[in-house]
Every structure is written in structure tokens, then in C-alpha cells.
Amino acid sequence: QRSDDLNVRKDEMLEAIQMVKAANNGIEGALDLIASAKSLAQSALSAETTSERTTLESQFNQVLSQIDTLADDSGYKGINLINDSTEELTVKFDESGAKSNITITGFNGAAGHTSTTGLQIANAVSWDTGTASQQSAAIDNAIAKLDSARTTLRTEEKRLSTGLATVSTRLDFTKKMVNTLMDGAANLTLADMNEEGANMLMLQTRQSLGTTSLSLSSQAAQSVLRLF
């Protein structure tokens, strides 16, 4: 029974691993998009005209929109660990589910269109307004936000990786425990065919010897009767 209960937990752990991997895929994709956005911002710094900056800013905002979409698409079976800071994934390890578990919390990995949500990358000031100095300052500010967002994502990636490693370790342990419990149950209920075969041969030998002994005794009695 304990083995059956642990098998259920093993299936739950396998699903939890996929949920964390889905979130990790989202983080890796977001990091790639941030690198692309940073390249656009750096190009804008060296742009010679306001028109060029306007075009690059439009492309920059499109990339930020893709970060939002990617974060929204990184869920697995209704659990999304990089699109909601209130999301929690609780993985139970023991058969009762009451003594051993781990809770992995999510975070908001969207680009952020306000100063208080997500990665907070969204532009505060347009790149094509004000003086050249003001435009450069706005682009520098966007680059700084991208660097901060990249640091945040890498920190969250490490945290999820730690949770993933814990679940994977417990999964391997659970598999071994299931095998141990199954072997223990087999030792109590299943016969050893070699031992049982040897016992059967011994019984057959004893039966044959008994029959032979009775036959010899009968022959001896008949020989004595012939003397009279």
C-alpha cells in the first residue's frame, strides 16, 4: 500500500518538474528578448536622426510586448510560475503528503508597463522627444532597466533551478523506495523457485526411499514364510 501511495507522489513530482521546466524555458526566452532589446537601445544611442530613434523605439516596444506574451505562454497545465507573483506550486514527497513537501513560488516576468509590476522595463520617457541629451538619457535609462531585468531573471532562474533539483532528487529517492518496498513485499509473498524445487526433489526422494523400504520389508517377510 505504501508503494502504491508513493507511486502517486512520483507521478505528481514528474508533473511538477515539467511545470518548472516550462517556467525555465520562459526565462531563457525572456533573456534572449532582453538581449535583443538592449541591442536596439544601443543602436538608438548612436542614431543620427530623431526619425531613426523613433523607428528603433517602436521595435524596442514590440520586443517588450513579446516578453509579455512569452511570460503569458510559459504555463503548464494551468500553472505559470513566471507570470504571476501569487502563483504557488506545492510538491508533496511522502505518501501522506503531510510531512514532507516543497513550495515553489512564482514571480511576474512580464516586461511591465508601470513602475510597480513585472520587470519594469517599459519606457518612462520617449526616445524622440526633447533635446539630444534628453533623448540619450532616456535610452540610457531603458538600458539600465534592461540590465536590472536581466539580473532579476537570472536570480529567479537560479531559485527555480534549486527547486527543480530538490524535486528531482526526491523523485529518484521515491523510485528507489518504491523498488525497495516492492522487493520487500515480494520476499514476504512470493516463493523462491530454486528453494521450492529443492524441497520438492527432497520429498520425492523420501517418498521413493519409503516405497523401496516397504518393498524390501515385504520381500523379507515372504522369504521367512517360505521356510515353513
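Is aspartate 147 buried, partly exposed or exposed, and what is its relative accessible area? In this predicted model, aspartate 147 is partly exposed, with a relative accessible area of 24%. This residue makes a good starting point for a look at the charged contacts of the chain, of which the structure holds 6 in the form of salt bridges.

Aspartate 147 forms one of these salt bridges with lysine 38, and the closest N and O atoms of the two lie 2.8 Å apart. The contact links distant parts of the chain, since aspartate 147 belongs to helix α3 (residues 132-189) and lysine 38 to helix α1, with their positions 109 residues apart. Lysine 38 counts as buried, because its relative accessibility of 19% falls under the 20% cut-off for that class. Aspartate 147, at 24%, is partly exposed. Arg150 also enters the picture here: salt bridges with shared partners join Lys38, Asp147 and Arg150 into one network.

Helix α1 takes part in further contacts of this kind. The side chains of arginine 2 and glutamate 95 meet in a salt bridge, with an N to O distance of 2.9 Å. Here again distant parts of the chain are linked: arginine 2 sits in helix α1 (residues 2-45), while glutamate 95 sits in the loop between β1 (88-92) and β2 (101-105), and the two are 93 residues apart. Arginine 2 counts as partly exposed at 40% relative accessibility, and glutamate 95 is partly exposed as well, with a relative accessible area of 27%.

Another salt bridge brings together the side chains of glutamate 15 and lysine 77, at 2.6 Å from N to O. Glutamate 15 lies in helix α1 and lysine 77 in the loop between α2 (50-72) and β1, so that this pair too links distant parts of the chain, 62 residues apart. The accessibility of the two partners can be read side by side: glutamate 15 is partly exposed, with a relative accessible area of 25%, whereas lysine 77 is exposed, with 63%.

The strands complete this tour. β1 and β2 pair in the antiparallel sense over 5 bridges. Which residue of β2 is the bridge partner of threonine 90? That partner is threonine 103. Threonine 90 also helps to show how β1 is arranged, as it belongs to the uncovered face of the strand together with Glu88 and Lys92. The covered face of β1 consists of Leu89 and Val91.

Key. Residues numbered from 1 in each chain as written. Predicted model: local features only at pLDDT ≥ 70, side-chain atom pairs only at ≥ 80, totals over all residues. Heavy atoms only, no water. Salt bridge = Lys/Arg side-chain N within 4 Å of Asp/Glu carboxyl O. Helix = DSSP H or I, 4+ residues; strand = E, 2+ residues; numbered from the N terminus. Buried < 20%, exposed > 50% of the residue type's maximum accessible area, 1.4 Å probe, protein only. Pairing = 2+ DSSP bridges.
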